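Here's a quick look at one protein chain and the way its strands come together. Have the structure open while you read.

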Amino acid sequence: MWYRVKISRDIKNKDTGTTKNVVEYYLTDATNFGYAGIAVINKLGKHIEVEDVQLMKQYKPSINEYSEGKKIYIVKIAEDYIDDNGATKTLKYPMPVFASNDVELYQIVKEYLKQGLNDMRLTTISETQWKYV
């Protein structure tokens, strides 16, 4: 399951010596809330404040694997279907994608949809400032 972890920490400016409090968001695939928070603490150390851990229950598994230096995008893939009353309904599946830029992102999604998902389409792309743990 995907969790978004909000943390705050103090960062020291090496040039001026001043300290600034920053808020950062991390995305992690963990088994529960506790493990999600611990994953961020293990990466950054104990001098952070975990402010919020949110289950992103609507997120489906990521389209691709994370590799160092990639941005986190959240895309929505949509599928139309006709219900029992004859009305057309749209199901949207939000999922993370890891890519360096928009061009790479489009190529990853295009290849993903070629895997037998021809009746689905890309509807939304959101580039995040989140980091992956």
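What follows covers model confidence first and then one sheet, strand by strand.

Keep in mind that this is a predicted model. The protein chain has an average pLDDT of 94, and 100% of the residues score at least 70. Among the elements, the lowest mean pLDDT (94) belongs to strand 6, residues 120-127, while strand 7, residues 131-132, has the highest at 97.

Now for the sheet. Three strands make it up, it is open, and the order runs 5-4-6 with antiparallel pairing. Strand 5 (88-99) and strand 6 sit at the edges with a single partner strand each, so one side of each has no neighbour in the sheet. On average, and ignoring direction, neighbouring strands here are turned by 25° against each other.

Here are the two pairings, each involving strand 4.

| Pair | Sense | Bridges |
|---|---|---|
| Strand 4 and strand 5 | antiparallel | 12 bridges |
| Strand 4 (residues 71-82) and strand 6 | antiparallel | seven bridges |

If you want a spot to click on in each pairing, try these. On the strand 5 side, Val-75 has Met-95 as its bridge partner. Over in strand 6, Met-120 is the bridge partner of Glu-79.

And what links strand 4 to strand 5? The two form a hairpin, with five residues between them. Look for Gly-86 in that turn: its phi is positive, at about 85°.

Methods:
Residues are numbered from 1 along each chain as its sequence is written. This is a predicted model: local features need pLDDT of at least 70, side-chain atom pairs count only at pLDDT 80 or more; totals for chains, interfaces and linings use all residues. Side-chain values use heavy atoms; hydrogens and water are left out. pLDDT is the predictor's confidence in each residue, from 0 to 100. Helices (H or I, at least four residues) and strands (E, at least two) are DSSP runs, numbered from the N terminus. Two strands pair if DSSP finds at least two bridges between them. Axes are lines fitted to C-alpha atoms, for helices over the stretch in contact, and angles run from 0 to 180 degrees between N-to-C directions.
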